Structures are given as structure tokens and as C-alpha cells.
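User: Please take a close look at the salt bridges in this model. I am a first-year student, so keep the sentences short and explain the terms.

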Amino acid sequence: LTFHKQRADALYFPGSSMNEGRNALLAAAAIEELRRQERYSYYVLLDGDAVPLPSYAEALPAFRTFLEDWEPAVGLPRIVGLADAISEKASEPAQPASVYGFDHIFMAVHGEAAPLL
């Protein structure tokens with residue numbers, strides 16, 4: 001998605017907010033699902049300046065495995081240092097934890113949950 005300069009390889013939505021842009025991307029994904037006649041399991045959304053540690057090459061396969069194993073309505077990676085602010089009792093780093101609020105910097109929304117959120 002781009003809103004400053006039109007490009008052939010991106011959806012152009014000038015003057016849009018971040019939320020409007022994400023909604024446009026979700027709409028584009030729904031159109032692609034109709035074209036393919038196949039649903040996505042998750043819509044993964046992340047800010048362009050998000051930098052995972054470890055690198056994407058290591059982080060994305062682990063995140064995908066987490067989504068496949070746990071099938072959360074909304075999945076997000078653990079943000080180091082944020083767990084203590086969210087919960088008085090943070091779980092082990094390798095274990096999933098429930099949260100009541102989160103930043104949308106990097107998240108995956110289950111295909112069945114997306115229409116409800």
C-alpha cells in the first residue's frame with residue numbers, strides 16, 4: 001500500500017489514514033480470495049518499519065507455526081519488554097500469553113475473525 005507516490009506493484013490510496021489503508025488491504029485480499037476461490041487462513045498486517053529480532057527469516061516460520069498450532073483469533077509476536085506492562089505475571093518467552101490490549105505494529109487476524117473485528 002502506498003499513499004505518497006503511485007507504483008505499479010502497490011495499491012495506491014492517496015490521503016488515507018493507517019486504518020483506512022489496512023481496510024483497503026483487507027478488501028483487496030477478499031477480492032483475491034474470490035478470484036482464487038480459496039480463503040486465507042490469516043491476514044498478516046505489519047507496519048513497514050517493523051523490524052523483528054531475530055530476522056524475518058527466523059521469525060516468520062516460528063510465527064506461522066504458532067498460528068497453526070494455537071489458531072488464535074488475533075495473533076501477535078511477543079514484544080520484548082511489553083509483556084510486563086500488559087500483565088503482572090508474564091509467561092515464559094516461548095509460551096503464548098493472553099493480552100487485553102496490543103499495538104497493531106505486527107499482527108495476524110484469523111480469516112474467520114476478520115469480519116467480526
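Analyst: What follows starts with the whole model, then turns to the salt bridges and ends with a patch on the surface.

This is a predicted model, in which local features need pLDDT of at least 70, side-chain atom pairs count only at pLDDT 80 or more, and totals for chains, interfaces and linings use all residues. Residues are numbered from 1 along each chain as its sequence is written, and side-chain values use heavy atoms, with hydrogens and water left out.

Begin with confidence. pLDDT is the predictor's confidence in each residue, from 0 to 100. The protein averages 85, and 86% of the residues score at least 70. Residues 84–88 stay under 50. That stretch has 5 contacts beyond four places in sequence, a contact being heavy atoms within 4.5 Å.

Next, the layout. The protein has 3 helices and 3 strands. These are DSSP runs, numbered from the N terminus: helices are H or I with at least four residues, strands are E with at least two. Along the sequence the pattern reads α-β-α-β-α-β. Among contacts between residues at least 6 apart in sequence, 53% join residues at least 24 apart.

One more term is needed. Buried means under 20% relative accessible area, exposed means over 50%, and partly exposed lies in between (1.4 Å probe, protein chains only). Of the 117 residues, 24% count as buried.

Now the salt bridges. A salt bridge is a side-chain nitrogen of Lys or Arg within 4 Å of a carboxyl oxygen of Asp or Glu. The whole structure holds 5 of them.

Take arginine 22 and aspartate 47. Their closest N and O atoms are 2.7 Å apart. Arginine 22 lies in helix H1, while aspartate 47 sits in the loop between E1 and H2, so the pair ties together parts that are 25 residues apart in sequence. Arginine 22 counts as buried because its relative accessibility is 12%. Aspartate 47 is also buried, at 17%.

Stay in helix H1 for another pair. Glutamate 32 and arginine 35 meet in a salt bridge of 2.6 Å, N to O. They are 3 residues apart, about one turn of the helix. Arginine 35 has a relative accessible area of 60%, so it is exposed.

Helix H2 has a pair too. Arginine 64 bridges to glutamate 68, with the closest N and O atoms 3.0 Å apart. These two are separated by about one helical turn because they are 4 residues apart in helix H2. Arginine 64 is exposed at 55%. Glutamate 68 is partly exposed, at 47%. Elsewhere, salt bridges that share partners join Glu32, Arg35 and Arg36 into one network.

Last comes the surface. The protein exposes about 8,900 Å², an area from the Shrake-Rupley method with a 1.4 Å probe; for residues, only the protein chains shown count as cover. Carbon and sulfur atoms supply 56% of that area. Val44, Leu46, Tyr56 and Leu60 make a nonpolar patch of about 300 Å². Patches are made of residues with over 30% relative accessible area and no salt bridge; like charges are joined within 9 Å, and nonpolar side chains (Val, Leu, Ile, Met, Phe, Trp, Tyr) within 5 Å. Strand E1 (42–46) and helix H2 (56–70) each supply at least two residues of the patch. Tyrosine 56 belongs to helix H2. Its relative accessibility is 32%, so tyrosine 56 counts as partly exposed.
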